[in-house]
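Here is a short tour of one protein chain, with its charged pairs as the main stop. Please keep the structure open while you read.

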Amino acid sequence: MVDTVSNLILGFSTAFTPINLLWACLGCFLGTVVGVLPGIGPLAGISLLLPVTFSIEPTGGLILLCGIYYGAMYGGSTTSILMRIPGEAASVMTCIDGYAMARKGEAGPALAISAIGSYVAGTVSVIALMFIAPPLARFALRFGPPEYFSLLIMGLIILGYMTGGSMAKNLAMIVLGLLIGLVGMDTMTGNFRFYYGFVALGDGVSVVPVAVGLFGLSEILATAGDPNRPQAIKTKLKDLIPTRDQFKRSAAPIGRGTILGFLIGIIPGSAHIISTFISYAIERRISKTPERFGKGAIEGVAGPESANNAASCGALVPMLALGVPTGPIPAVLLAALMVHGIDPGPLFITEHAVTFWGLIGSMYLGNFVLLLLNLPMIGVFVNFLRIPYQYLYPTILMFCLVGCYAVNYSVVDIGIMTVMGILGYFLKKFEYESAGVVLGVVLAPIIERSLRQSLAMSHGSYAIFFNRPISICFLLGALALIVVAIVSMLRKKEALWRAQLAKAEK
């Protein structure tokens, strides 16, 4: 404990040097901008600025890149709440209730709770990173391809069960997303599949045009033909501050989202995206009034946003403690360390204590800077909702088009966004939850890779999933949920049949 305190003092003294303070603030600002603009995302932002850090000393360069990383997690919620356009993929779940709150004139509380939840989750996660990084990272290393496959299958079943409504509809949307995610080049054989002559689809379907189409464009299509179009919202200063009841209802979701997000963040894959889906599903399932979700429940903003930021910090655990990246963003950060001549791995913390603890100190500072950046800007952001419909929605459409084109500079992505927008419109009409499609697109490559690697390890035998203890536990959990769902459905049908029979006897 004494060593940890002395190391933390070293970290703060490093982070608060004028030059590192500048890099932390600049990273947070750029990250917020990257998060607000649809289509760019933290990975693109970090990749673009990676060459800039080559001329900066290692600690400052890592502080700048990490500031962009968690700054983008903060900023992604802004357009999700105000315009129903996910700033980046992890903000998809925030669209659902955040935008509904904005249409009710509660954009201010939604943005405030989002910023506060992100701050709490980020700060608590830094503390967890500081104390329990090594043992958690060692546990994550016990996961091989069979465990990842079984874990993701269980995760999909959990989300289908807990999201609410028809489990069959939820799973159908996830399966649709998985099928879309299989488009493109087979990474193991190099063969093109399901690309229908469009060479641009060789790299697969990007999650950005899918998410922007299903949420942003579908909203424009749905409201454009509605005779009761959304009106410009006039807000008062007092309406920008969350009420005591909203703070009370947000506290537990923020706590649950923080713990859940950090633990999921350690597992390889798109953890910050997966954690938001799971957090939203849990909050909806345990709520006493689940019917409020989708109509402006503040818990649907607090939980996912906290999970998002906590997972971003959790993803740094294996990278910093063992030199094992858990996704593309930690991989780029790892590359930045190696360019500077720092060998990542178990000896990184001891041999480069100034860099490690300086980064920890800057993360405390960065979370505070992001809170100061976001809270005063709430009034400015909410003023966007005062713009009349006929001016606001063409602007949103422009953001959708520019954001999707900026991902790969491909017209095909705009076509994908258009198709997804039309699909999202009909899904909305028939009361299907389109968020599952986005999750399927994100997870399809990971699930396929884990499945094929597992079968390669076992020479084609599916027994490998049942011979490994962790894998079989996950599969049994998934099976138990399916049984529970079927029993619940049969009981509901029986109750309905009995009610109809009693009514007929009368």
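## A buried acid and its partners

Let us begin at D186, in what is a predicted model. D186 has a relative accessibility of 8%, which means that it counts as buried, since the cut-off for that class is under 20%. Which residue does the side chain of D186 meet in a salt bridge? The partner is R193, at 3.6 Å from N to O.

This pair belongs to a wider group: a network of salt bridges links D186 and R193 with E448 and R452.

## A bridge between distant parts of the chain

Another salt bridge joins R468 and E147, with 2.8 Å between N and O. The two residues are 321 apart, and the pair links distant parts of the chain. E147 sits in helix α7, which covers residues 145-162, while R468 lies in the loop between α21 (464-467) and α22 (469-505).

Are these two partners buried or exposed? E147 is buried, at 3% relative accessible area, whereas R468 is partly exposed, at 26%.

## A bridge within one helix

Helix α22 has a salt bridge of its own, between E494 and R498. Here the distance from N to O is 3.0 Å. Because E494 and R498 are four residues apart in this helix, about one helical turn separates them. E494 counts as partly exposed, with 38% relative accessibility.

In total, the model has ten salt bridges, and the pairs described above are among them. As a general point, side chains of opposite charge can pair when their charged atoms come close.

## A cysteine with no accessible area

Now for a residue outside the charged pairs. C28 is placed in helix α2, residues 18-36, and its relative accessibility is 0%, so it counts as buried.

What does C28 touch, leaving aside residues up to four places away in sequence? Its contacts are G67, Y70 and G71, together with G366, V369, L370 and L373. N367 is also worth a look: C28 and N367 are 339 residues apart in sequence, yet their C-alpha atoms are 8.4 Å apart in space.

## The whole chain

Stepping back, the protein has 22 helices and two strands. Of its 506 residues, 55% are buried. The accessible surface comes to about 22100 Å², and carbon and sulfur atoms hold 69% of that area.

Contacts across the sequence complete the picture. Among those between residues at least 6 apart in sequence, 78% join residues at least 24 apart.

Conventions. Residues are numbered from 1 along each chain as its sequence is written. This is a predicted model: local features need pLDDT of at least 70, side-chain atom pairs count only at pLDDT 80 or more; totals for chains, interfaces and linings use all residues. Side-chain values use heavy atoms; hydrogens and water are left out. A salt bridge is a side-chain nitrogen of Lys or Arg within 4 Å of a carboxyl oxygen of Asp or Glu. Buried means under 20% relative accessible area, exposed over 50%, partly exposed in between (1.4 Å probe, protein chains only). Contact means heavy atoms within 4.5 Å. Accessible areas come from the Shrake-Rupley method with a 1.4 Å probe; for residues, only the protein chains shown count as cover.
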